[in-house]
Amino acid sequence: MASSAPKPSLLPALFSMKCPSCRKSTVFINKSIFPLGKCLAMKDECEVCGQRMKSESNNGGGINYALTMMLFFLNLLWYWPVFGLSYKDNSVFYFLGVSVTVVVLAQPYLMRLSRMLYLYMYTAFGHSRRVNTGD
Ligand SMILES: [Zn+2]
C-alpha cells in the first residue's frame, strides 16, 4: 500500500522545502526563516526516509548568485508596468534601489531555495541511502 502512494509532485515539494527523496518531511529545522541566524539550519537526515540532508559540498552559493540575479531582473516585470521606467528621469535609479531592496529582503529565502535546488539535483526521488544499481 505504501509503495502505491502517489508521488508528491516535484515543484510544490521543492518550494515548500520538502525532503528531495520522500517529499514528506521538511529539510530545514525551522519552518520559518526567522530567526535569521538559524534560517539555514538543516536536519542531519530526513526522519521519514533517512535521506541525508547535510553534505559538506552543499553550499548552493553559485545557485544563490544565479537566483539573485534572476530575481533582480524579474523585478522589472512588476516595476515597469506599475511605476514606469524612462531614461529621461531618475526612474532607472529608483528601480535599482527598489530591486536591490527586494533582493536583499528575499535573500534568506533565496539561500534556502538554492540549497533545496542543490539537494534536488543530487537526490533522485526514492533513492534515499539505498544503493540503486540498475535503472
Ligand atoms: Zn525523506
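This presentation describes one chain and the zinc ion bound to it, beginning with the overall fold and ending with individual residues.

Colleagues, please note that this is a predicted model, in which local features need pLDDT of at least 70 and side-chain atom pairs count only at pLDDT 80 or more, while totals for chains, interfaces and linings use all residues. Residues are numbered from 1 along each chain as its sequence is written, and side-chain values use heavy atoms, with hydrogens and water left out.

I begin with the fold. The chain has 3 helices and 0 strands, and its elements run α-α-α from the N terminus. Helices here are DSSP runs of H or I with at least four residues, strands are runs of E with at least two, and both are numbered from the N terminus. Of the 135 residues in the chain, 33% are buried. By buried I mean under 20% relative accessible area; exposed means over 50%, and partly exposed lies in between, with a 1.4 Å probe and protein chains only. As for contacts, which are heavy atoms within 4.5 Å, residues 24 or more positions apart account for 63% of those with a separation of 6 or more.

I turn now to the zinc site. Which residues coordinate the zinc ion? The zinc ion is held by the SG atoms of Cys-19, Cys-22, Cys-46 and Cys-49, at 2.2 to 2.3 Å. Donors are N, O and S atoms within 2.8 Å of the metal, or 3.2 Å for Na, K and Ca; water is not among the atoms, so sites may look incomplete. In sequence, the donor residues follow the spacing C-x2-C-x23-C-x2-C.

Why is the arrangement called tetrahedral? The 4 donor atoms subtend angles of 106 to 114° around the zinc ion, and therefore the arrangement is tetrahedral. For four donors, that term requires all angles to lie between 85 and 135 degrees.

The four cysteines can also be described by their accessibility. Cys-19 is buried because its relative accessibility is 0%. Cys-46, at 3%, is buried, and Cys-22 is buried at 9%. Cys-49, by contrast, is partly exposed at 24%.

How many disulfides does the structure contain? A search of the whole structure finds 0, where a disulfide is a pair of cysteine sulfur atoms within 2.5 Å.

The loop between helix 1 and helix 2 deserves attention next. Met-17 lies in this loop and has a positive phi of about 60°, although Met-17 is not a glycine. Its relative accessibility is 7%, so Met-17 counts as buried.

Arg-23 belongs to the loop between helix 1 and helix 2 as well, and its phi is near 60°, a positive value in a residue other than glycine. Is Arg-23 buried or exposed? With a relative accessible area of 10%, Arg-23 is buried. The Arg-23 side chain reaches the backbone oxygen of Pro-8 at 2.9 Å. Beyond its neighbours within four places in sequence, Arg-23 touches several residues, including Lys-7, Ser-9, Leu-10, Tyr-120 and Phe-125.

Pro-35 is found in the loop between helix 1 and helix 2 too. The peptide bond joining Phe-34 and Pro-35 is cis, with omega about -5°.

Next, the interior. The largest nonpolar core has 18 residues, and those touching the most other members are Val-27, Phe-28, Met-53, Met-116, Leu-119 and Tyr-120. Two or more residues of this core come from each of helix 1 (10–15), helix 2 (61–83) and helix 3 (91–122). The largest share, 6 residues, comes from helix 3. A nonpolar core is a set of buried Ala, Val, Leu, Ile, Met, Phe, Trp, Tyr and Cys residues joined through side-chain atoms within 4.5 Å. Not counting residues up to four places away in sequence, Met-116 touches Leu-14, Met-17, Lys-18, Val-27 and Phe-28.

I close with two pairs of residues. Ala-66 is found in helix 2 and counts as partly exposed because its relative accessibility is 42%. Ala-66 and Ser-114 are 48 residues apart in sequence and 9.0 Å apart in space, C-alpha to C-alpha.

Met-121 lies in helix 3 and is exposed, with a relative accessible area of 58%. Its C-alpha atom is separated by 8.8 Å from that of Pro-20, 101 residues apart along the chain.

Key. Polar contact = N/O pair within 3.5 Å; in protein donor to acceptor, adjacent residues only side chain to side chain. Tetrahedral: all angles 85-135°; square planar, octahedral: opposite > 155°, others 65-115°.
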